[in-house]
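Please open the model in your viewer and keep the sequence panel beside it. The stops below are meant to be taken in order, with a new selection at each one.

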Amino acid sequence: MTKSKEIKTNAMRILESMKIPFSQYTYECGEFVDGLQIADKLSLPREKVYKTLVTRGNSRNYFVFVIPVEQELDLKKAARSVGEKSVEMIHVKEINAVTGYIRGGCTAVGMRKQYVTRIDESARQMEAIIVSGGRSGSQIELAPKDLATASGAEFADVVKH
């Protein structure tokens, strides 16, 4: 089997340096595609695919939330989980300056700074979840506890039910 040259992202290098196992999926990506389209494009079960969202609290600090692609972030629960009065989504144009990643390639591992991060508790029931690999066209599959370790995250109930 021939292996094409893998393009390693910062997130992948960090996982490797921490000896955290992961699988990589790649796909052609001309423009932004959302998590549901990625799951369908790669024939992955949607419930295993998680998206990474970045918010700003009323304290002006940034917070990262990793939630299932089919779910919506509950801003009140999210704020409570990080000890804030409120949080709001940051504007798309701020993503790169805040995280070092671009929209569609944002992952909780290896951001420009270590932000307080919460992974939705639904991930705890999963053997593995799939998140962005750190660039458009790349997804990584890993155990939720390993994602928590690599991103300094805790688990919390942060989605709308």
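What follows is a tour of a predicted model, going from its cores to a sheet, a loop residue and an aromatic pair.

**The main core.** Begin by selecting Val131 and Leu147, which have the most contacts inside the largest nonpolar core, a set of 27 residues. To see where this core draws its members from, colour the helices α1 (10-17), α4 (95-99) and α5 (144-151) together with the strands β2 (50-57), β3 (62-68), β6 (129-132) and β7 (138-142), since each of these elements supplies at least two residues of the core. A second, separate core can be shown in another colour; it has 12 residues, among them Phe63, Phe65, Ile67 and Val82.

**Around leucine 147.** Next, keep leucine 147 as the centre of the view and display its contacts. Once neighbours within four places in sequence are left aside, leucine 147 is in contact with Val66, Val109, Ile119, Ile129, Val131 and Leu142.

**The three-stranded sheet.** Two of those contacts, Ile129 and Leu142, lead to the next selection, because isoleucine 129 has leucine 142, in β7, as its bridge partner. Strands β6 and β7 pair in the antiparallel sense over four bridges. Widen the selection to the open sheet of three strands, whose order is β1-β7-β6 with antiparallel pairing. The edge strands are β1 and β6, each pairing on one side only, and the twist averages 30° from one strand to the next.

**A residue in a loop.** Now move to isoleucine 20, which lies in the loop between α1 and β1 (23-26). Is isoleucine 20 buried or exposed? Its relative accessible area is 8%, so isoleucine 20 is buried. Show the residues around isoleucine 20 and, apart from neighbours within four places in sequence, you will find contacts with Leu15, Leu142, Asp146, Thr149 and Ala150. For a sense of scale, draw a distance from isoleucine 20 to glycine 105: the two are 85 residues apart in sequence and 20 Å apart in space, C-alpha to C-alpha.

**The aromatic pair.** Finally, select tyrosine 62 and tyrosine 115, as the structure holds one aromatic pair and these two residues form it in an edge-to-face arrangement, with 5.7 Å centre to centre and 70° between the planes. The pair links distant parts of the chain, with tyrosine 62 in strand β3 and tyrosine 115 in the loop between α4 and β5 (116-120), 53 residues apart. A surface view is useful here, for tyrosine 62 counts as partly exposed at 21% relative accessibility, whereas tyrosine 115, at 11%, counts as buried; the cut-off for buried is under 20%.

Conventions: Residues are numbered from 1 along each chain as its sequence is written. This is a predicted model: local features need pLDDT of at least 70, side-chain atom pairs count only at pLDDT 80 or more; totals for chains, interfaces and linings use all residues. Side-chain values use heavy atoms; hydrogens and water are left out. A nonpolar core is a set of buried Ala, Val, Leu, Ile, Met, Phe, Trp, Tyr and Cys residues joined through side-chain atoms within 4.5 Å. Buried means under 20% relative accessible area, exposed over 50%, partly exposed in between (1.4 Å probe, protein chains only). Contact means heavy atoms within 4.5 Å. Rings of Phe, Tyr and Trp (its six-membered ring) pair if their centres lie within 6.5 Å; planes under 30 degrees apart count as stacked, over 60 as edge-to-face and the rest as tilted. Two strands pair if DSSP finds at least two bridges between them. Axes are lines fitted to C-alpha atoms, for helices over the stretch in contact, and angles run from 0 to 180 degrees between N-to-C directions.
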